[in-house]
Amino acid sequence: PAEPTMADPGRKTVLVLGGDGFCGWPTALHLSEAGHDVIIVDNLSRRKIDLELECASLTPIASMNERVRVWGDVSGRDIRFVRLDVAQDYDLLAALLAAERPDAIVHFAEQRAAPYSMKGAREKRYTVDNNVGGTHNLLTAVVEAGLAAHTHIVHLGTMGVYGYGTSGGEIPEGYIDVLLPGGRPSKILHPAYPGSVYHATKCLDALLFQFYSRNDGLRVTDLHQGIVWGTNTAATARDERLINRFDYDSDYGTVLNRFLVQAALDVPLTVYGTGGQTRAFIHISDTAKCVALAIGNPPEAGAPVEIFNQVAETHRVRDLAALVAAKTGTKVANIANPRKEAAENDLDVSNAKFRSLGYDPVTLEDGLLDEVVGIAGKYKGRVDTGKIMPVSFWNSSRRKECVEAG
Ligand code: NAD
Ligand code: USQ
């Protein structure tokens with residue numbers, strides 16, 4: 001379906017929670033450009049974690065207030081910014097919902113790095129409190145504001161809820177058909193096999209969505225997204241002050257973006273273990289497009305939680321490294337794996353629902369080299385090479401192995 005223009009009745013008021021982040025900022029611009037009235041809500045915690053980790057985005061990101069001002073100048077469209085903590089400032093969140101009565105709320109506002117969530121007790125507890133507490137605040141605030149049947153919640157979940165190496169066939173979109181004890185057929189949420197404390201919070205979110213959808217008729221879409229790569233979208237490329245963030249450090253950098261920076265610096269690509277892990281990938285511009293498609297196709301009030309697999313393609317980590325190495329001439333280094341994960345896994349995943357809505361994904365073949373030259377090459381002078389090797393470990397034996405391996 002076509003996205004709305006300013007004059008369309010399809011114009012919606014959309015809250016983008018976490019709209020200062022890597023996925024949230026380009027999505028907010030995409031929705032604004034499509035004619036929606038966008039309000040970004042963020043507590044800027046990701047910028048604070050940069051300070052804590054003594055690390056920064058590869059790209060020089062502008063302050064939130066400058067971002068929205070420049071967007072207004074460039075596009076002629078207003079985005080409002082509200083600074084609040086979804087997990088802590090319940091009353092402010094409830095008041096915002098009551099005042100704005102949003103048609104849709106896109107929920108990106110969580111601590112999303114698996115390595116950061118495994119760093120230590122403080123980070124584990126923060127990730128659970130922030131993510132589960134924030135999601136629950138949102139759900140209960142929508143109900144209390146009397147918006148259960150009105151507001152569509154679109155949550156960014158993860159492919160990681162399915163686990164890796166456990167499916168034995170194509171992973172369906174959220175639900176599986178089973179025979180319950182006694183032989184009664186049923187459709188249930190795919191069993192959850194989180195691989196980190198962060199991934200566990202997304203499984204807990206999914207249970208909260210199921211409960212609130214059944215109990216209060218909330219309209220929820222959960223997008224099980226793969227690993228996002230790339231930096232800019234058409235909207236963020238309109239002015240350098242709109243540039244998106246790009247994480248390359250070992251806690252927040254996702255694997256392909258890390259390889260792109262490593263290639264630009266000509267340091268060996270950090271493949272963990274054998275690199276036998278297969279993962280799903282999606283380009284950042286498709287994240288924004290898929291969220292817009294989800295907003296345009298809300299479930300009915302009282303319908304079960306809608307679940308889409310938001311992925312473009314799957315790749316084995318070592319194949320990705322080989323692809324980047326072949327395009328750039330960089331070497332590959334197999335280093336001890338800081339994570340507890342299967343050494344090898346296959347991954348076959350359905351994305352039929354987005355495909356049926358017209359989704360035509362950007363693939364690595366289309367965009368990879370542009371990204372290396374255009375972004376990683378341009379900003380490589382900003383890299384702190386001390387942030388490339390892993391510093392967070394899944395358990396004490398992984399830490400020991402990594403330390404012993406140097
Ligand atoms: P990010 O850390 O760049 O952005 C998250 C934003 O949310 C940040 O701006 C942060 O300040 C904000 N935030 C966090 N907690 C908040 C709170 N309590 N109140 C208000 N704001 C808060 O992360 P991202 O890469 O943009 O990911 C966004 C969402 O997409 C996450 O939920 C993540 O699980 C999901 N996702 C990301 C990827 C990926 O590869 N980046 C892949 C799959 C799913
Ligand atoms: N890996 C390497 N070398 C590196 C970095 C990672 O071999 O330098 C490997 C990891 O061991 C892992 C795979 O690459 O097997 C993916 O790691 P990642 O850090 O790119 O992705 P992950 O930790 O799974 O998390 C990211 C996002 C998270 C999102 C998830 C989607 O940070 O928010 O939910 O991707 S998914 O992987 O589909 O669950």
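**Exercise 1. Elements around ligand 2**

Find which elements each supply at least two residues of the shell around ligand 2, and which one gives the most.

*Solution.* Work on the predicted model. Step one: list the elements. H7, helix H8 (255-265) and strand E10 (269-272) each supply at least two residues of the shell. Step two: pick the top contributor. E10 gives the most, with 3 residues. Step three: sort the shell by class. The shell around ligand 2 has 9 nonpolar, 8 polar and 5 charged residues.

**Exercise 2. Contacts of ligand 2**

Name the residues that come nearest to ligand 2. Then find polar side-chain atoms that lie by its oxygen atoms, and say how much of the ligand the protein covers.

*Solution.* Start with the neighbours. There are 22 residues around ligand 2, and Tyr 164, Tyr 198, Val 255, Thr 270 and Glu 341 come nearest. Next, take the polar pairs one by one.

- Thr 158 has a polar side-chain atom 2.7 Å from an oxygen atom of ligand 2.
- Tyr 164 also places a polar side-chain atom 2.7 Å from an oxygen atom of this ligand.
- For Arg 279, the distance from a polar side-chain atom to an oxygen atom of ligand 2 is 3.3 Å.

Last, the cover. On its own, ligand 2 has 740 Å² of accessible area, and the protein covers 96% of that.

**Exercise 3. Contacts of ligand 1**

How many residues surround ligand 1, and which are the closest? Check Cys 23, Asp 42 and Lys 202 for the atoms that lie by a ligand oxygen.

*Solution.* Count the shell: 30 residues surround ligand 1. The closest are Cys 23, Asp 42, Asn 130, Tyr 198 and Lys 202. Now look at the atoms.

- Cys 23 uses its backbone: an N or O atom there lies 2.7 Å from an oxygen atom of ligand 1.
- Asp 42 uses its side chain, with a polar atom 2.7 Å from an oxygen atom of the ligand.
- Lys 202 has a side-chain N or O atom 2.7 Å from an oxygen atom of ligand 1.

Then read the cover. The protein covers 97% of the 820 Å² of accessible area that ligand 1 has on its own.

**Exercise 4. The shell of ligand 1**

Find which helices and strands each supply at least two residues of the shell around ligand 1, and divide the shell by class.

*Solution.* Take the helices: H2 (45-53) and H7 (197-216) each supply at least two residues. Take the strands: E5 (152-158) and E9 (227-229) do so too. Then divide by class: 12 nonpolar, 10 polar and 8 charged.

**Exercise 5. Helix pairs**

Classify three pairs, H1 with H3, H4 with H6, and H6 with H7, as roughly parallel or oblique. Give the hand of each crossing.

*Solution.* The cut-off is the key: angles under 35 degrees count as roughly parallel.

1. Helix H1 (residues 24-33) and helix H3 (residues 64-75) have axes that come within 12 Å and cross at roughly 25 degrees. H1 is therefore roughly parallel to H3. Their crossing is right-handed.
2. The axes of helix H4 (residues 90-100) and helix H6 (residues 121-144) come within 9 Å, crossing at roughly 45 degrees. H4 and H6 are therefore oblique to each other. H4 passes H6 in a right-handed crossing.
3. For H6 and H7, the axes come within 9 Å and cross at roughly 15 degrees. So H6 is roughly parallel to H7. The crossing of H6 past H7 is right-handed.

Note on methods. Residues are numbered from 1 along each chain as its sequence is written. Chains are lettered from A and ligands numbered from 1 in the order in which they are written. This is a predicted model: local features need pLDDT of at least 70, side-chain atom pairs count only at pLDDT 80 or more; totals for chains, interfaces and linings use all residues. Side-chain values use heavy atoms; hydrogens and water are left out. A residue is near a molecule or strand if one of its heavy atoms lies within 4 Å of it. A polar contact is a pair of N or O atoms within 3.5 Å; within protein, one must be able to donate a hydrogen and the other to accept it, and residues adjacent in sequence count only if both atoms are side-chain atoms. Accessible areas come from the Shrake-Rupley method with a 1.4 Å probe; for residues, only the protein chains shown count as cover. Helices (H or I, at least four residues) and strands (E, at least two) are DSSP runs, numbered from the N terminus. Ala, Val, Leu, Ile, Met, Phe, Trp, Tyr, Cys and Pro count as nonpolar, Asp, Glu, Lys and Arg as charged, and the others, Gly among them, as polar. Axes are lines fitted to C-alpha atoms, for helices over the stretch in contact, and angles run from 0 to 180 degrees between N-to-C directions. Angles under 35 degrees count as roughly parallel, over 145 as roughly antiparallel, 65 to 115 as roughly perpendicular and the rest as oblique. A crossing is left-handed if the near helix is turned anticlockwise from the far one by less than a right angle, and right-handed if clockwise.
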